[in-house]
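Me: I'm new to this one. Can you walk me through the aromatic rings?
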Amino acid sequence: MSSHCTQEHPIATEPPLNCDLLVIGSGAGGLSSAVTAAQRGLKVIVIEKEARFGGTTAWSGGWMWIPRNPLALAAGISEHEEDALNYLRLELGEHFEESRARTYLAQAPHMVEFFQRHTALRFIDGNAIPDFHGNNPHAVLGGRSVCAAPFDGRRLGQRVHTLKPPLQETTLWGMGIASGQELRHFLNSRRSLASFWYVSKRLLQHARDVLLHNRSLRLVNGNALVAALAASAFELDVDIRTSHAAVGLLRSSGRISGATVHTSNGPVVIHASQGVVLACGGFPHDAARKAQMLAHAREGHSHHSAAGWGNTGDGLRLGESVGGWVRSDLKDAAALAPVSLVPRADGSTGHFPHLIERAKPGLIAVRSDGKRFVNEADSYHDFMRGLLAATPEGETVQAWLLCDREFFNRFGLGAAKPWPMPKTHWLRSGYLVQADTWDALALACGIDQTQLKDTVSRYNAMALQGQDTEFAKGETAYNRVQGEVRPGLPNPCMAPLIRGPFYAVRVVAGSLGTFAGLSTDEHARVLDQDGEHIPGLYAVGNDMSSLMAGCYPSGGITLGPAMTFGFIAARHASEAVPV
């Protein structure tokens, strides 16, 4: 006999829907589950509470950390599973979970092979991308990363307009720019004829797409990942329903068997014979949970995540309502990143994640005391950990990224694009601060003037020598690959800041998403406080407590596990159904 779980739900006014597997959330984890289950013959419904599908994945870089992936093997990069396992073991320390880690490393390459063989998703390799922490003896210089290849949005037909577009501030006039070679073309378009022609063709293609379709159709990064998964889902008759918010889970004969869902037409019940997958994106915009989990945001509002606004902890609350529990023993509860607050024309505020420019030569970061506090070229997570450690208790967590004219014209700063893009709007809004002298810039930003000049003087001397004696900037492979080689400068991450005007952008505490989620086993089944699985309930993506236990050992450690455990959950749910 079917019954609601122990909480009040609105009475359904629409006829009930039936499926084998219900997926709540439409990011990489949810769509991975949906496509895998549908390919194995299950009838799948995906619900998404926002008006467009894609979740935070659609705003992401689209990279996945997949050791021993097929693209690396095809390039002759081979390693034993124990090598990657030992890297994680050393990185995670006491938080390392042998069972889930082994499952992940064994199944992730099969996930890539499955999607390459059976779906529209294609991958490009990250064979030259090092692990974050090169001082770990088990780190490698490449071969552990893949990314979604660019995708033609026309394959989605009219449904492309229901795909969440990339984050506005990271685009050029709404056009996503792929990381790697494409980004280098854009940065070199004033230096190289080949890059100029490449960029010109991309801009013309984008203009044509906007004119004919009101959006770009050459999709890249996380937008390409979602689009390819969604196209595959639609081709397998997966029913993706937007503006559908799950408000409660159903239980039947001791199993989770569906959900009550709020829609614009009223409540509806969806029955799912094989279970429910929670893939709602964690809690980056749940003020109450942030106040509980994040020591630097005890009031819940001083943490500014760049994750999708719809990620408000729904999946965690649904899991808790039926006996699941959210782990609080992780090293960090969120995937930390410096974020700048971008004023928008409509009065809202965008959250720009600073992922790329910090390692380029000619930038430093200081707090209000005018002192550097971290290796700016380290990962976004490590940068934020350094800022949090340097900020006295009770003081606002903030810093300023500073550069000179040469750096700004070459790379831009945050959401402010490089020359020849205009910067007047950014200056008028106060997002970008410009001054002719360091004294004037310090005064405008509220930075200690004397200490800032001393910091810049010391840094410039170190840059000319090529050695950061304070924070070892540029000494790891990850630092160097993020930098840029310049003639006459021995360190690709360092250049003196000499020619004004000088520029500043303020960054605050933020994240790319959250790590703390529901406790799960190696099959992605949600566990109760006694360690017993809750039949019929799975959690993937950021609703699943991170395999990395709040550590950030390499790029792609969110989407890699999201895709893989989505793949694992769907196969487990389909075992009772003839294939």
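Me: How many aromatic pairs are there?
Reply: The count comes to 16 aromatic pairs. Rings of Phe, Tyr and Trp (its six-membered ring) pair if their centres lie within 6.5 Å; planes under 30 degrees apart are stacked, over 60 edge-to-face, the rest tilted.

Me: What kind of pair do Phe53 and Phe234 make, and why?
Reply: The pair is edge-to-face, because the planes are at 70°, with the ring centres 6.1 Å apart. Phe53 sits in the loop between strand S3 (44-48) and strand S4 (63-65), and Phe234 in helix H7 (residues 221-235), 181 residues apart. Helices (H or I, at least four residues) and strands (E, at least two) are DSSP runs, numbered from the N terminus.

Me: Are Phe53 and Phe234 buried or exposed?
Reply: Both are buried, meaning under 20% relative accessible area (exposed is over 50%, partly exposed in between; 1.4 Å probe, protein chains only).

Me: Is this a predicted model, and what is left out?
Reply: The model is predicted: local features need pLDDT of at least 70, side-chain atom pairs count only at pLDDT 80 or more, and totals for chains, interfaces and linings use all residues. Residues are numbered from 1 along each chain as its sequence is written, and side-chain values use heavy atoms, without hydrogens and water.

Me: Which residues form one aromatic cluster?
Reply: Phe132, Tyr380, Tyr478, Phe515 and Tyr552.

Me: What sits over the ring of Phe234?
Reply: The charged end of Arg159, 3.9 Å from the ring centre. That term needs NZ of Lys or CZ of Arg within 6 Å of the ring centre and within 35 degrees of the ring normal. Lys164 lies over the face of Trp59, at 4.6 Å.
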